[in-house]
Structure formats: C-alpha cells, structure tokens
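Please look through these notes with the model open beside you. They go point by point, from helices and strands to one loop residue.

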Amino acid sequence: MIKVRKRKILLLSGDGIGPEVISEVRKIIEWFNKKKSLDFQIDEDLVGGCSYDKNDTPITDEVFYKALESEVIMLGAVGGPKWDNVEFAKKPERALLKLRKELKLFANLRPAICFQQLVDASTLKPEVVSGLDIMIVRELTGGIYFGEPRGIKPIENGERKGINTHSYTSSEITRVARVAFELAKKRSNRVTSCEKSNVMEAGLLWREEVQSLRDKEYKEIELSHMLADNCAMQLLKNPKQFDVIVTDNLFGDMLSDQASMLTGSLGLLPSASLGAKNKDGEMRAMYEPIHGSAPDIAGKGIANPIATILSFAMALRYSLDLDKEAGSLEKAVQDVLNDGLRTKDILSNGTKEVSTSQMGDAIISKLQ
Ligand code: NAD
C-alpha cells in the first residue's frame, strides 16, 4: 500500500480554463507557505486531454501514482471539443473516473450556497434563494455508472440493446450515509435521503440501510426520506427546507447540478470527493470546481477562479485540518465580493469587472 504523504498537494490543472483557475490556487498555497509558515509541498502534472495529446492516455501510471501518494489532489477541469472523437477509453473524462474509482473516493460533497451579494444572479426569486446553504452528498463510486453488466450488444431483428446496471451493496450505502450524518452533526442535524424506492429495489435497500444506520448510531439526527423526483421539484419550490441531502450516484449527479444553478453561477461552486480513512487516519481526497473546462472562454483570462479557490478551502478543512485557515479564505472571498469585484460571469450593474488573476490577487490581499 502506497503511503499518503502528509501535506503533499498535487495540482492537476487539466484542459480549457483548468490551468487558469488552478494558477490562482497555486498563488494562494504559496501565500500560505510564505506568510503562515505552512509546509505544503506542491507538485503538478498533466491529466485529461493535454495528457492524451502528449502521452496518448488521459492519465499516465506515473501521474496516477503521484495521486495515490498525495494527501490532496486539486483538479481544474478536463475535456473539450478537441477530444470529442477520441476513442471512449481514452477520453479525458476517463481520467477522472479512474481517479475516483481507484482512489475509492466514494463521497462527493457539493455545497450549494447562495452568496448574499449575488442573490440577483439566480433565476429564482431572491426570497427563495437568499440565505440558501445546503450540502449535497453524492455516492460516487457505485450505482449505474459502474454496475455490471454494461455495454451495447446486438439483439434480434438487427436491433441493438444498451445496458447499464444500477446496484448497491449495504456497505456502499452505509459508508456514504455515515459521511452525511457526520456532516449534519456539524450543521443542523438534519438529513434528507433521496432514492426511488417506489420503483427500484436498489432504492428500497438504500432507504432501509440509511434508516437502520440512523437508528443504530445517529439517533440525534432528524432523518427524512424523499423520492428523488420529488426532491428535484422541492429544490426549485422551497430549497431552504433542506440542509444535508444524501443520494446515489445518478440522482446525485442531477440534483447537485440543479442545486448549483439555484445559486446563479457555475463559477462559484466547489466540491470535494473523499475516500475512506485508513487505520493511520489517512484519507485520500480530490477537490475540484463543479464546472467543466469552459472551452468557450479558455485563454481569455476571464474565468471565475472562486469555485476552485473555495475547493481549496474545503481541502484545508476536510483534509488538512486547518479549519481556521479555511474560514479565513472563505471570508476573503466574501470580502472581495462585498467590495464589488466580479469576473465577467457574475458582473452586474454597479460592480467592477476583474480578470481571473486580478480576482485571485484581490482574494490574497484580503487574506493579508
Ligand atoms: P462548462 O462547465 O465547462 O461550461 C458551461 C458554461 O459555464 C460555459 O458557458 C462556460 O463558459 C461557463 N463557465 C464554466 N465555468 C466557468 C467559470 N469558472 N467562470 C466563468 N464561466 C464559467 O460545461 P460544458 O460546456 O458542458 O463542458 C465543457 C467541457 O468540460 C466538456 O468537454 C465537458 O465534458 C467537460 N466537463 C468537465 C468536467 C470536469 O472536469 N469535472 C465537468 C463538467 C464538464
């Protein structure tokens, strides 16, 4: 077993705007090292389309081993139209799936927070989203994206059949539910678990296992169950009824994207993917903005780096045990928004447009 090296941060910028937004995180890490005498060791490498161009694979074994021995992986984004016709196994996104699967990053945390300064950027009414702060915990390594059998096969009459399998074991459900309950203990002790137990056996098992864990170990948590389609509707109708939502891989993919749009901009939302702790208490984890590589704006210096910077704040909190530093970085972001500085995607009347690197610099100046 490869040992996790404490404080080793691997930067995988990827494609499109990935390098631009990760560059701002690199500045922040260097600032922490210099001004707060922290000892983060930075390494960087290729992943995604840029790795395919150079190495004919979206992630080399060497980079994969670096990821295995890093305490924190900061990922930018991968993909873009340039690689649309690359064979399936070598597509940029395969690198992400490999990292998630092999590093056993089974819990994806996606906060959806509506910044007070940006309430008007949401397509929903201000009173519906103002003060919104929910956390979606999505199971990331099981369910229909990984289940077997899968594939496309010929059947009779010249037809073809596409097959994917949705399956979960009790332990896969319990370990992600535990993450949700632990998070809820630090928030308001409320968890909503979502599945489709009315039509899917795997959904019924999900519901039973989550309830059973709650009854055995988390009696202080108020647990409710909701069908995933109803949750999609409730997220638009009254999103503030939720605190922590826990759900499977497929429903989590959709519900978390939907929740992200409540807040107005993709450029603001971070995520964390956490693995299990080993017996030495070490945990592998990858942090990334929820947006993609935004090829339409890549290279223009206008990408919003806040989602990636807030992803690093999550790394400080969940992997590096630096709660205070995480809080000060989040506050620096708030302060810059209060000053009216905005990248193009969140620009509105009366605010001042800044570039990607000016936004990073402004956040660092607030940390001082
Ligand atoms: P996207 O998130 O890249 O972009 C959607 C829209 O949001 C675009 O108009 C883009 O300009 C804007 N946007 C995104 N991030 C922004 C930021 N930080 N600042 C300002 N504007 C921002 O989604 P897409 O266009 O559907 O996908 C583009 C590529 O990214 C595809 O190849 C897709 O497969 C890939 N992708 C990768 C990831 C990942 O690496 N985790 C996630 C989603 C999509």
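1. Start with helix 3, residues 61–68. Helix 3 lies across strand 1 (5–14), strand 2, strand 3 (70–77) and strand 12 (283–289). Its direction runs at about 140 degrees to strand 1. Helices (H or I, at least four residues) and strands (E, at least two) are DSSP runs, numbered from the N terminus. Axes are lines fitted to C-alpha atoms, for helices over the stretch in contact, and angles run from 0 to 180 degrees between N-to-C directions.

2. A word on the source: this is a predicted model, where local features need pLDDT of at least 70 and side-chain atom pairs count only at pLDDT 80 or more, while totals for chains, interfaces and linings use all residues. Residues are numbered from 1 along each chain as its sequence is written, and side-chain values use heavy atoms, leaving out hydrogens and water.

3. The sheet is open, with 10 strands and mixed pairing. Its order is 2-1-3-12-11-4-5-10-8-9. Strand 2 (41–45) and strand 9 (222–227) stand at the edges; each has a single partner strand, so one side of each lacks a neighbour in the sheet. Two strands pair if DSSP finds at least two bridges between them.

4. Strand 8 (residues 190–195) pairs with strand 9 in the parallel sense, over six bridges. S193 has H225 of strand 9 as its bridge partner.

5. Where is T60? T60 sits in the loop between helix 2 (49–55) and helix 3. T60 counts as buried because its relative accessibility is 17%; buried means under 20% relative accessible area, with a 1.4 Å probe and protein chains only.

How values were computed
Contact = heavy atoms within 4.5 Å. Buried < 20%, exposed > 50% of the residue type's maximum accessible area, 1.4 Å probe, protein only.
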